[in-house]
Amino acid sequence: MKVKVRLFAKFREIAGTEFLLLDASTVGELKRRLSEILNVEESRINIIIDGDRAPDDHELKEGEEALAFPPVAGGFELISFSEPSALVKAPNTFTKLSVTE
């Protein structure tokens with residue numbers, strides 16, 4: 001099935017576009033496709049669906065949008081991504097992360 005993938009940070013730079021439309025039935029398959037296209041290891045690809053980090057066995061639905069992020073230096077904990085703005089917890093701080101169309 002076709003899944004819209006919104007790319008962020010380095011992934012967007014590598015692909016030269018903000019969105020990709022890919023065939024995949026699971027998040028694991030989507031990560032394999034992205035790994036081939038972006039020339040990065042699957043383990044370096046973070047997929048967020050419906051505000052949550054999606055496991056590799058998550059079955060994708062036709063037309064579903066996935067967000068693809070590379071690892072973030074220093075690490076972070078995603079608290080919420082179901083709103084246009086999310087709170088990201090970095091060590092000893094809270095930072096607001098905005099996602100705009």
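Of the 19 residues in the largest nonpolar core of this predicted model, Val-5, Leu-30, Leu-34 and Ile-47 touch the most other members. Such a core is a set of buried Ala, Val, Leu, Ile, Met, Phe, Trp, Tyr and Cys residues joined through side-chain atoms within 4.5 Å, and buried means under 20% relative accessible area with a 1.4 Å probe, protein chains only. Helix 2 gives the largest share of this core, four residues. Numbering runs from 1 along each chain as its sequence is written. Local features need pLDDT of at least 70, side-chain atom pairs count only at pLDDT 80 or more, totals for chains, interfaces and linings use all residues, and side-chain values use heavy atoms, with hydrogens and water left out.

Now for helix 2 itself (helices are DSSP runs of H or I, at least four residues, and strands are runs of E, at least two, numbered from the N terminus). Its buried residues are Val-27, Gly-28, Leu-30, Lys-31, Leu-34, Ser-35 and Leu-38. Seen down the axis, these fall within an arc of 155° (taken from the directions from the helix axis to the C-beta atoms), so they line one face of the helix. Their cover includes strand 1, helix 1, strand 2, strand 3 and strand 5. Leu-30, for one, touches Val-5, Leu-22 and Ile-47, among others; contact means heavy atoms within 4.5 Å. Just after the helix, Asn-39 takes a positive phi of about 60°.

Over in strand 3 sits Asn-46, which counts as buried because its relative accessibility is 19%. Asn-46 touches several residues further off in sequence, including Leu-67, Phe-69 and Pro-71.

Key
Buried < 20%, exposed > 50% of the residue type's maximum accessible area, 1.4 Å probe, protein only. Lists of a residue's contacts leave out its neighbours within four places in sequence.
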